[in-house]
Amino acid sequence: MKLLNTKNLIRLLLLLVVYGVFQFLFVSKMINPFYMMTLILVCIYIILAVSQNIITGFTGQLALGHAGFMAIGAYMSALVVVRMQGSLVTGIIFGALMAAVAGMLIGLPTLRLRGDYLAIATLGLGEIVRITFLNMDYLGGATGLSVPKTIDWTWAFWLMVISVFLMSNFINSSHGRACISVRENEIAAEAMGINTTKYKVMAFTMGAFFAGLAGAIYANYMYLIHPGTFSFLKSFEILAMVVLGGLGSITGSIVGAGILTIVSAGLADYPEFRMVIIALIMIILMVYRPNGLLGNKEFKFDFLQFRKKG
Amino acid sequence: MALLAVDKLSMSFSGLKAVSNLDMEINEGELVGLIGPNGAGKTTVFNMLTGVYLPSEGSIFFEGKKINGIPTYKLSHLGIARTFQNIRLFGDLTVLENVKIAYHQHVSYNMASGIFRLPGYYRGEKDMEEKALAFLKIFSLDDKAQELAKNLPYGQQRRLEIARALATKPSLLLLDEPAAGMNPYETQNLMELIRWIRKEFNLTILLIEHDMSLVMGVCERIYVLDYGINIAHGCPDEIKSNPRVIEAYLGEEAI
Ligand SMILES: Nc1ncnc2c1ncn2[C@@H]1O[C@H](COP(=O)(O)OP(=O)(O)OP(=O)(O)O)[C@@H](O)[C@H]1O
Ligand SMILES: [Mg+2]
């Protein structure tokens with residue numbers, strides 16, 4: 001049973017239906033543009049949350065630099081598209097690759113730190129990235145940089161699907177299991193021949209790549225990118241989505257990103273309440289479901305499977 | 001040439017000499033015991049042999065090559081595997097996944113094949129699954145393959161530790177109290193199993209164990225540690241009648 005089995009065909013069909021329904025609503029103007037923007041942001045945050053989950057939920061490293069990698073992806077894609085008249089695809093690939101390179105360079109020294117120390121170091125580095133862009137007048141500096149809007153629902157949706165598919169493939173491969181063994185018991189993992197530093201850096205680089213990709217999609221959708229968007233609060237928001245859905249669950253991160261993005265959009269008119277409500281959701285979650293909505297389980301469509309005939 | 005040779009090996013923890021001046025030689029195919037009262041330094045020896053601790057003094061030679069300072073995971077690739085006295089399984093993963101992770105160093109496909117689901121991935125995973133199940137079968141754990149490791153009863157967790165160590169394909173296997181917490185029947189079974197895997201996989205085994213009758217029954221040679229010092233070594237009969245060994249163990253019982 002390879003890639004084209006019944007399960008994957010059903011999944012593909014479901015994705016096509018979801019895509020088609022919203023595409024139809026959008027083209028026929030039955031859906032308000034604000035809702036469309038929320039949907040595209042959901043796609044972007046799904047990529048961010050799943051990639052954060054690779055680092056934190058699966059590999060067990062509490063790194064909080066995601067806003068920084070998102071910023072690198074956004075600005076580097078804008079550099080290609082706006083300053084060098086490159087294509088959207090080149091911009092996205094360049095943005096994601098630069099974020100991955102930054103991830104590897106940052107990961108090599110910082111991933112030797114543990115727990116809180118790693119969190120603080122990566123938060124700090126994320127802020128350094130933001131402040132660097134703030135002072136780069138060539139890329140707009142404090143006023144921000146306007147980028148033509150070339151991303152639509154089709155791009156955002158399918159880039160999200162491909163990203164989640166690739167990350168989930170990684171986690172379900174031997175190399176992904178090596179990452180999970182680091183989370184489970186680092187000493188035992190080493191004794192079983194797993195180079196734990198290598199797999200931490202690998203997970204971190206992959207997380208940074210997809211955070212950069214999400215940042216590139218964001219930049220080419222939002223008309224304007226601004227360093228303020230990529231503050232450490234963004235990293236916290238992404239982490240909150242992962243924790244809400246469940247550390248170590250990809251479908252959990254999808255649900256978490258969906259819920260928090262929609263709640264945020266719903267509270268767009270009351271920005272002062274936004275963080276309060278999100279904090280409240282997190283507190284309720286910690287009391288009733290401390291392992292997140294899905295724990296470390298995956299939501300499965302098994303009930304849609306045809307029973308095997310004996 | 002000895003497979004493992006240890007020369008004047010010492011380990012101090014801020015003043016406390018956990019192991020001092022240990023000399024040890026183990027030849028290929030031997031099954032050697034390492035015994036001693038609680039806190040004698042046995043586990044510390046294992047931690048030095050596997051690169052978890054860097055010895056304060058002395059050298060370790062494996063297959064004639066000095067291995068001090070080589071990181072733990074590389075020693076695993078060289079062929080040294082171990083189990084842990086305080087069980088260290090990957091608790092939230094299945095029994096099968098535990099063994100697959102140990103087999104990762106022999107994985108036949110690269111990261112890109114996994115991410116893009118190239119044909120090599122399916123072939124590699126199938127092979128890995130078969131190999132992992134075969135290791136589980138040896139320890140009668142194949143019917144538990146899909147259970148979470150943390151949900152296994154104690155005795156089975158200990159057996160899974162050995163299955164997982166075997167999956168790295170070692171030439172030297174270090175077992176740290178593999179029978180701790182087992183009942184006499186399970187212990188007897190385990191000892192027969194250890195003898196069998198040694199033959200089947202051409203292993204050299206160094207075994208830490210508290211159960212005297214068991215060590216005496218299965219080991220060809222025994223090293224005795226007391227307060228980090230090697231007070232005796234020889235064949236089981238010599239150890240049994242050695243006055244220093246008797247004193248060390250009587251001393252323990254008197255407390
Ligand atoms: N990381 C460490 N830091 C400080 N002291 C340690 C450390 N590891 C071991 N020790 C000390 O070294 C001595 C030997 O410990 P070790 O665990 O090697 O004994 P053992 O022979 O395995 O005992 P047991 O039979 O109880 O398992 C003990 O006094 C222990 O407290
Ligand atoms: Mg011990």
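This report walks through a predicted model of two chains, A and B, looking at how they meet and at some of their residues.

## Where the two chains meet

Let's start with the contact between the chains. Chain A brings 30 residues to it, and chain B brings 33 residues. The size of an interface is often given as the accessible area lost when the parts come together. For chain A and chain B, the buried area is about 2,800 Å², and carbon and sulfur atoms give 65% of it.

Polar groups also take part. Across the interface of chain A and chain B there are 15 residue pairs in polar contact, both partners being at pLDDT 80 or more. On the side of chain A that touches chain B, four helices each supply at least two residues: α6 (153-171), α7 (174-184), α8 (186-191) and α9 (196-219). The helix that gives the most to this side is α7(A), with eight residues. Sorted by class, the side of chain A that touches chain B holds 15 nonpolar, 10 polar and five charged residues.

## A salt bridge across the interface

How many salt bridges are counted between chain A and chain B? The count is one. To find this salt bridge in the structure, look for the side chains of A:R177 and B:E125, where N and O are 3.0 Å apart.

This pair belongs to a wider group. A:R177 and B:E125 are linked with B:K100 and B:E129 in a network of salt bridges.

## Salt bridges within the chains

Over all chains, the structure holds 15 salt bridges. One of the salt bridges in chain A joins A:E184 and A:R183, with the closest N and O atoms 3.1 Å apart. A:E184 counts as buried at 18% relative accessibility, while A:R183 counts as partly exposed at 25%.

Another salt bridge joins the side chains of A:K200 and A:E186, at 3.0 Å from N to O. Because A:K200 lies in helix α9 of chain A and A:E186 in helix α8 of chain A, this pair ties together parts that are 14 residues apart in sequence. A:K200 is buried, with a relative accessibility of 6%.

In chain B, a salt bridge links B:E30 with B:R221, and their closest N and O atoms are 2.8 Å apart. Here B:E30 sits in the loop between β2 (16-26) and β3 (31-35) of chain B, and B:R221 sits in strand β9 (residues 221-226) of chain B, so the pair ties together parts that are 191 residues apart in sequence. Both B:E30 and B:R221 are buried.

## A buried threonine in helix α9

Helix α9 of chain A also contains A:T196. Is A:T196 buried or exposed? A:T196 is buried, with a relative accessible area of 3%.

Which residues does A:T196 touch, not counting residues up to four places away in sequence? They are A:V182, A:E186, A:A189 and A:E190. You have already met A:E186 as the salt-bridge partner of A:K200.

## Two residues with a positive phi

Most residues other than glycine have a negative phi. With that in mind, have a look at A:Q85, a residue other than glycine whose phi is positive, near 55°. A:Q85 is in the loop between α3 (66-83) and α4 (88-110) of chain A. A:Q85 counts as exposed, at 64% relative accessibility.

Chain B offers another example in B:K169, which is not a glycine but has a positive phi of about 60°. B:K169 is found in the loop between α6 (154-167) and β7 (172-176) of chain B. With a relative accessible area of 46%, B:K169 is partly exposed.

## Cysteines without a disulfide

A disulfide is a covalent bond between the sulfur atoms of two cysteines. How many disulfides are counted over all chains? The count comes to zero.

Why is B:C219 not bonded to B:C235? The closest cysteine sulfur to that of B:C219 is in B:C235, and because it is 12 Å away, it is too far for a bond. A disulfide would need the two sulfur atoms within 2.5 Å. The surroundings of these cysteines can be described too: B:C219 is buried, with a relative accessible area of 5%, whereas B:C235 counts as partly exposed at 32%.

Key
Residues are numbered from 1 along each chain as its sequence is written. Chains are lettered from A and ligands numbered from 1 in the order in which they are written. This is a predicted model: local features need pLDDT of at least 70, side-chain atom pairs count only at pLDDT 80 or more; totals for chains, interfaces and linings use all residues. Side-chain values use heavy atoms; hydrogens and water are left out. Contact means heavy atoms within 4.5 Å. Buried area is the accessible area (1.4 Å probe) that two parts lose on being put together, summed over both. A salt bridge is a side-chain nitrogen of Lys or Arg within 4 Å of a carboxyl oxygen of Asp or Glu. A polar contact is a pair of N or O atoms within 3.5 Å; within protein, one must be able to donate a hydrogen and the other to accept it, and residues adjacent in sequence count only if both atoms are side-chain atoms. Ala, Val, Leu, Ile, Met, Phe, Trp, Tyr, Cys and Pro count as nonpolar, Asp, Glu, Lys and Arg as charged, and the others, Gly among them, as polar. Buried means under 20% relative accessible area, exposed over 50%, partly exposed in between (1.4 Å probe, protein chains only).
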